[in-house]
Amino acid sequence: MGDAVQQFFAVKAKIAAAEREAGRQAGTVTLVAVSKTFEAADISPVVEAGQRVFGENRVQEAQGKWPALKEAFPDIELHLIGPLQSNKAKEAVALFDVIETVDRDKIAVELAREIARQGRAPKLYVQVNTGSEPQKAGIEPRDAVAFVARCRDGHGLAIEGLMCIPPADENPGPHFALLEKLGQEAGVAKLSMGMSGDYETAIAFGATSVRVGSAIFGNR
């Protein structure tokens with residue numbers, strides 16, 4: 001059994017333990033295995049070990065490796081977890097099953113247009129910049145609830161969840177708590193939060209999915 005497969009099973013065990021610790025039902029947290037920068041050959045053993053939900057940062061990179069993997073394993077669910085440029089909306093709607101990084105009206109308009117054109121509707125999350133970091137994508141927390149409403153009512157998009165990436169040098173707990181509060185206010189069911197270093201904390205704060213890369217595949 002390869003390192004990535006062993007690490008995958010270790011992460012699954014930690015998620016299960018964190019669910020128990022938080023008094024949550026087993027299996028309520030989805031593991032999104034972040035496979036960005038890794039080749040299909042690195043990813044395949046983890047797919048064969050049973051993982052079906054994966055995250056990628058870039059549309060172009062994902063186009064190079066996922067169509068063949070999705071053909072071989074039709075039940076794979078692919079998440080876009082990196083910033084989406086509006087000129088890539090067409091490709092993103094065609095390839096991804098979940099787009100977690102809706103964060104401005106221009107993107108919402110392009111996604112609505114492509115969803116109508118292609119007849120394919122990925123699940124959509126709004127990315128919230130919980131730390132208000134100027135270099136990071138995501139909508140400001142104070143604008144998030146209104147933006148979700150605008151996506152739904154103005155652009156006709158079914159927003160299912162919220163996503164955040166807390167500042168690297170801060171305690172992630174308050175950021176997860178903020179996202180959970182915004183999710184309740186916006187009336188969304190899903191919260192994508194927590195990465196390799198803090199996913200167990202995120203589960204305690206109500207994450208419904210965690211995005212784990214280096215803890216499974218190793219450092220890039």
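**Entry 1: Thr37 and the loop around it**

I began at Thr37, which sits in the loop between β1 and α2. I kept in mind that this is a predicted model. What caught my eye was the phi of Thr37: near 70°, a positive value in a residue other than glycine. I noted that most residues other than glycine have a negative phi. Next I looked up accessibility, and Thr37 comes out partly exposed because its value is 44%.

Then I looked for another case and picked Ser132. Ser132 is not a glycine, yet its phi is positive, about 45°. I found Ser132 in the loop between β5 (123-128) and α6 (141-153). With a relative accessible area of 37%, Ser132 is partly exposed.

**Entry 2: Lys36**

Back to the loop between β1 (30-34) and α2 (40-48), where Lys36 is placed. UniProt, in an unreviewed entry, puts the feature "modified residue: N6-(pyridoxal phosphate)lysine" at Lys36. I wrote that down as an annotation that may be inferred rather than shown by experiment.

Is Lys36 buried or exposed? Neither label fits: at 24% relative accessibility, Lys36 counts as partly exposed. I listed what Lys36 is in contact with, leaving aside neighbours within four places in sequence: Gly55, Glu56, Asn57, Glu61, Lys65 and Arg220.

While in the record, I also noted "domain: Alanine racemase N-terminal", again from an unreviewed entry, which UniProt lists for residues 22-219. I checked that span in the model: 41% helix and 19% strand, with the end C-alpha atoms 29 Å apart.

**Entry 3: the charged partners of α3**

Glu61 and Lys65 turned up among the contacts of Lys36, and I followed them. Lys65 and Glu61 form a salt bridge, with the closest N and O atoms 2.8 Å apart. The two are separated by about one helical turn, because they are four residues apart in helix α3. Lys65 is buried, at a relative accessible area of 8%, whereas Glu61 is partly exposed at 24%.

I then went to another salt bridge, the one between Glu77 and Lys123, at 3.9 Å from N to O. This pair links distant parts of the chain, with Glu77 in strand β3 and Lys123 in strand β5, 46 residues apart. Glu77 is partly exposed with a relative accessible area of 24%, and Lys123 is partly exposed too, at 37%. Returning to α3, I found that salt bridges sharing partners join Glu56, Glu61 and Lys65 into one network.

How many salt bridges does the count give? I got 14. One of them is Arg52 with Asp75, closest N and O atoms 3.0 Å apart. That pair also links distant parts of the chain: Arg52 is in the loop between α2 and β2, Asp75 in the loop between α3 and β3 (77-80), and they are 23 residues apart. Arg52 is partly exposed at 23%.

**Entry 4: Glu100, a charge without a bridge**

Glu100 is in strand β4 (residues 98-102). Which side chain of opposite charge is nearest to Glu100? It is Arg211, 4.2 Å away. The salt-bridge cut-off is 4 Å, and buried Glu100 has no salt bridge. What I did find is a polar contact of 2.7 Å between the side chains of Glu100 and His79. Beyond four places in sequence, Glu100 touches a list of residues that includes Tyr125, Gln127, Met163, Ser192 and Arg211.

**Entry 5: rings**

The aromatic count is four pairs. I opened Phe54 and Trp66: ring centres 5.0 Å apart and planes at 45°, so the pair is tilted. Phe54 is in strand β2 (residues 53-56) and Trp66 in helix α3 (residues 59-72), 12 residues apart. Both Phe54 and Trp66 are buried.

**Entry 6: two alanines**

Ala4 belongs to helix α1 (residues 3-21) and is buried at 16%. Its contacts beyond four places in sequence are Val46, Ile216 and Phe217. The C-alpha atoms of Ala4 and Val46 are 6.8 Å apart, with their places 42 residues apart along the chain.

Ala92 is in helix α4 (residues 89-95). Ala92 is buried, with a relative accessible area of 0%. Ala92 touches Val59, Leu80, Leu84 and Ile99, not counting residues up to four places away. I also took its C-alpha distance to Ser192, 100 residues away along the chain, and got 19 Å.

Notes. Residues are numbered from 1 along each chain as its sequence is written. This is a predicted model: local features need pLDDT of at least 70, side-chain atom pairs count only at pLDDT 80 or more; totals for chains, interfaces and linings use all residues. Side-chain values use heavy atoms; hydrogens and water are left out. Buried means under 20% relative accessible area, exposed over 50%, partly exposed in between (1.4 Å probe, protein chains only). Contact means heavy atoms within 4.5 Å. Lys and Arg count as positive and Asp and Glu as negative; His and the chain ends are not counted. A polar contact is a pair of N or O atoms within 3.5 Å; within protein, one must be able to donate a hydrogen and the other to accept it, and residues adjacent in sequence count only if both atoms are side-chain atoms. Rings of Phe, Tyr and Trp (its six-membered ring) pair if their centres lie within 6.5 Å; planes under 30 degrees apart count as stacked, over 60 as edge-to-face and the rest as tilted.
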